[in-house]
Amino acid sequence: MTDRPNVLVTRPIMDAPLARLRERCDVTVHENDFGIPRDELLHVVAGRDAIVTMLTEKVDAEFLAAAGPQLRIVANHAVGFDNVDVAACTDASVLATNTPDVLTETTADTAFALLMAAARRVGEGERFLRAGTPWIWGPLMMLGQDVHHKTIGIVGFGRIGQAVARRAKGFGMRVAYNDAVNLPAEVEAETGAERLDLDDLLAQADFISIHTNLTPETRHLFGAEAFRAMKPTAVVVNTSRGPVVDEQALADALEAGEIFAAGLDVFEREPEVEARLLGLENVVVIPHLGSATVDTRNAMGDVVVDNLFAAFDGARPPTLLNPDAFGG
Ligand code: DGY
């Protein structure tokens with residue numbers, strides 16, 4: 001590696017972390033509104049010392065081979081890293097990193113915003129007014145579901161799930177969770193959350209907020225059977241990864257009144273949004289904005305830069321995903 005590492009950033013990031021990066025490195029930012037087509041990506045990664053990737057790019061053996069042997073680190077500008085084949089990075093002696101922690105509270109805010117909007121029909125009410133629909137206040141108009149003092153079931157009780165639990169407590173909610181991992185008693189005590197089997201959680205929760213990683217086990221975890229197990233008044237919120245939810249089954253459940261509403265930040269075939277869902281009034285959709293605030297995107301950019309600088313200094317990157325590539 002030369003004195004000034006050659007870094008590719010696949011989408012524009014915030015100015016401040018980018019300026020830090022430019023102080024030490026030769027940086028190419030790939031300016032594009034719709035992501036890099038795969039064949040172009042495989043071309044532009046060649047010869048880089050470091051690559052900053054987004055969740056929209058698949059980092060696999062083909063990508064790593066196209067980059068070449070001087071590649072030291074792939075820094076994913078996201079906490080989720082289902083787009084990164086971490087084992088392939090380790091095999092290629094490439095460090096892989098993500099951006100945990102700094103986006104926890106912001107993503108939990110987004111989940112709660114979707115939960116509130118779906119429960120209280122905010123999107124539908126807005127569309128109604130913007131369409132110029134004649135109206136007058138009425139006792140039966142656009143009734144939603146109460147949030148306060150209801151039960152929330154959080155599926156995937158990592159950092160973001162726990163941050164949602166803290167918000168729910170502020171609303172006087174009963175908090176239940178399900179997670180593949182057994183959590184320490186302190187976490188349950190701090191969040192006031194009780195562990196339930198998934199079946200019990202689905203049956204008891206008024207709100208289900210999804211925070212699992214996308215893995216082969218969680219793909220379509222929420223399918224027809226899961227929706228049938230929920231209350232007809234249930235509201236489902238997904239701010240994790242789209243494929244955890246079977247969108248056709250969700251549309252069926254919403255159309256059939258098996259559940260009340262859904263709030264979605266993520267989609268099965270992003271950026272495509274299932275047309276059946278777009279046609280339903282009881283769905284609130286936003287375009288993967290979970291961590292999209294000025295402060296958080298600056299913080300994510302800083303984590304990316306800290307990871308790159310550590311790698312260039314021969315130090316262990318702070319949020320390393322594959323310690324084996326660093327020698328354990
Ligand atoms: C992440 O970081 O994984 C989010 O989905 C991006 O907002």
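Helices, of at least four residues, and strands, of at least two, are DSSP runs numbered from the N terminus. The exercises below use these names on a predicted model, whose chain has a mean pLDDT of 97.

**Exercise 1.** Locate Glu 274 among the elements of the chain, and decide whether Glu 274 is buried or exposed.

*Solution.* Begin with the position: Glu 274 belongs to the loop that connects β11 (261-264) and α12 (275-278). Next, take the relative accessibility of Glu 274, which is 9%. Because buried means under 20%, Glu 274 counts as buried.

**Exercise 2.** Find which residues the side chain of Glu 274 reaches through polar atoms, and which residues further along the sequence are in contact with Glu 274.

*Solution.* Look at the side chains to begin with: that of Glu 274 makes a polar contact with the side chain of Gln 248 at 2.9 Å. Then turn to the backbone, where the nitrogen of Arg 276 is reached by the Glu 274 side chain at 3.1 Å. Finally, setting aside neighbours within four places in sequence, the contacts of Glu 274 are Glu 247, Gln 248 and Arg 269.

**Exercise 3.** Describe the open sheet, and explain why one side of β8 and of β12 is left without a neighbour.

*Solution.* Write down the order of the seven strands, which is β8-β7-β6-β9-β10-β11-β12, with parallel pairing. Since β8 (193-195) and β12 (283-285) stand at the edges, each has a single partner strand, so one side of each has no neighbour in the sheet. Within the sheet, β6 (residues 151-155) and β9 (residues 207-210) pair over four bridges, and Ile 154 has Ser 209 in β9 as its bridge partner.

Notes:
Residues are numbered from 1 along each chain as its sequence is written. This is a predicted model: local features need pLDDT of at least 70, side-chain atom pairs count only at pLDDT 80 or more; totals for chains, interfaces and linings use all residues. Side-chain values use heavy atoms; hydrogens and water are left out. pLDDT is the predictor's confidence in each residue, from 0 to 100. Buried means under 20% relative accessible area, exposed over 50%, partly exposed in between (1.4 Å probe, protein chains only). A polar contact is a pair of N or O atoms within 3.5 Å; within protein, one must be able to donate a hydrogen and the other to accept it, and residues adjacent in sequence count only if both atoms are side-chain atoms. Contact means heavy atoms within 4.5 Å. Two strands pair if DSSP finds at least two bridges between them.
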